[in-house]
Amino acid sequence: MQEVAGAGGGQYATHYTAVAARFAQGDRVRVRDSAPLGHIRTPFYIRGHVGVIERYCGAFPNPEELAQMRDGLPAQPLYRVRFLETEVWPDYAGRAHDTIDIEIFQHWLERAK
Amino acid sequence: MAKPIKSAASNRPTSRDERPDRLIERGHHDMGGLPAGRVEPSEHDYAEWERRVDALMVLLSGVKGAPPRMSVDELRKNIEALGPEAYDSMSYYERWVTSITQTMIQRGVITTDELGRKMEEIRKRREDACKK
C-alpha cells in the first residue's frame, strides 16, 4: 500500500491511499480473461490479450466498487496499455503497426513473458 | 446476438459446460468489436428534458463541494442492468434518467412507492390539462 499524493507519478494528480504500482512503462502485460459479475470497465474484446504499458496514469478509486456504492479504496493503479491491432483482431486490414490504447486498472493485468 | 468479427477473444469457449466459471460471458452493453454497420454522424439538438437530465446528473455527482448523491459508476451499472430490449430501444438520455431513478431508489433518496404515486399524479395532471 502506498500514499499517492500530488504529482505521484501519474498523468493526473491523485491523493488516495493506493495499492502499490506493480508495472512500469514498457512492461508486457496480459489482460486477465475473466468474466465476473458487476460493473466492469475492462472491455470484453481485450480480455486475454497482451499489450505493453504505455504509461502509468495515476491511482483511482476502483470503479467496480464505486458502482456498488462503496468508496473504491484503496485506489487501484491505472495504466494506459498499448496493443497491436493485429494481435487483437487477426483479420485486421489496416497497417501492421497500428495500435489501440486502452486504460486498464492494475487488478485486471498480469505480467506477460 | 450478432456474431463477433474474428478475434482471438471470440475464439474462446462460450458455453457454460466448457467454462463453468463464467455465468454471463459478455454483457449486452459491452459490444465493442461486434458488427454494427457504418457510423453515420449527424447534427442534432437536445430536447429540454434531455438538458435537464444532464444537469440532474451533474448536481447528483456533487458540484462545488456538495456531497455527491451518486457516482458515474452507479450510472453505468444501472444502465448496464437494463434488459437488452430496453437498452436497444431507449435513447441515450432515456437510459440515463432510468438509471438515475434506479440509483435514487437504491440509495434511499426516494422510495418506489413515492415514485409510482408521483408518476400517477403527473399522468392525471396531463390528462386533466388535455380535457380543458
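Buried means under 20% relative accessible area, and exposed means over 50%. Keep these cut-offs at hand for the exercises below, which work through a predicted model.

**Exercise 1. Cysteines**

Task: Decide whether A:C57 is buried or exposed, do likewise for B:C130, and state how many disulfides the structure holds.

Solution:
- Step 1. Start with A:C57. Its relative accessibility is 0%, so A:C57 is buried.
- Step 2. Now take B:C130. The value here is 67% relative accessibility, so B:C130 counts as exposed.
- Step 3. Recall that a disulfide is a covalent bond between the sulfur atoms of two cysteines. Over all chains, the structure holds zero disulfides.

**Exercise 2. A sheet in chain A**

Task: Work out the strand order of the five-stranded open sheet in chain A, and find which strands stand at its edges.

Solution:
- Step 1. Write down the order: β6-β5-β4-β3-β7, with antiparallel pairing.
- Step 2. Look for strands with a single partner. These are β6 (99-105) and β7 (109-111) of chain A, so each has one side without a neighbour in the sheet.
- Step 3. Add the twist: ignoring direction, neighbouring strands of this sheet are turned by 45° against each other on average.
- Step 4. Zoom in on one pair. In chain A, β4 (residues 50-60) and β5 (residues 76-84) run antiparallel and are joined by seven bridges. Across from A:G58 you will find A:L78 in β5(A).
- Step 5. As a reminder of the chemistry, strands of a sheet pair through backbone hydrogen bonds.

**Exercise 3. The largest pocket**

Task: Describe the volume of the largest pocket, and say which elements contribute two or more residues to its lining.

Solution:
- Step 1. The space in the largest pocket comes to about 530 Å³.
- Step 2. It is lined by 16 residues, and those closest to its centre are B:V97, B:T101, B:L115, B:M119 and B:I122.
- Step 3. Two or more lining residues come from each of α1 (48-60), α4 (92-106) and α5 (112-131) of chain B.
- Step 4. Sort the lining by class: 11 residues are nonpolar, two are polar and three are charged.

**Exercise 4. The second largest pocket**

Task: Treat the second largest pocket in the same manner, and find which residues are closest to its centre.

Solution:
- Step 1. About 410 Å³ of space lies in this second largest pocket.
- Step 2. Among its 21 lining residues, A:G38, B:I24, B:G27, B:H29 and B:E80 are the closest to the centre.
- Step 3. Chain B elements α2 (72-80) and α3 (84-89) each give two or more residues to the lining.
- Step 4. By class, the lining of the second largest pocket has nine nonpolar, six polar and six charged residues.

Notes. Residues are numbered from 1 along each chain as its sequence is written. Chains are lettered from A and ligands numbered from 1 in the order in which they are written. This is a predicted model: local features need pLDDT of at least 70, side-chain atom pairs count only at pLDDT 80 or more; totals for chains, interfaces and linings use all residues. Side-chain values use heavy atoms; hydrogens and water are left out. On a 1 Å grid over the protein atoms alone, a cavity is a set of points where a 1.4 Å probe fits but cannot get out, and a pocket is an open set with protein on both sides within 12 Å along at least five of seven lines; lining residues have an atom within 4 Å of a point. Grid points are joined across faces, edges and corners, and a volume is the space filled by probe spheres set on the points. Helices (H or I, at least four residues) and strands (E, at least two) are DSSP runs, numbered from the N terminus. Ala, Val, Leu, Ile, Met, Phe, Trp, Tyr, Cys and Pro count as nonpolar, Asp, Glu, Lys and Arg as charged, and the others, Gly among them, as polar. A disulfide is a pair of cysteine sulfur atoms within 2.5 Å. Buried means under 20% relative accessible area, exposed over 50%, partly exposed in between (1.4 Å probe, protein chains only). Two strands pair if DSSP finds at least two bridges between them. Axes are lines fitted to C-alpha atoms, for helices over the stretch in contact, and angles run from 0 to 180 degrees between N-to-C directions.
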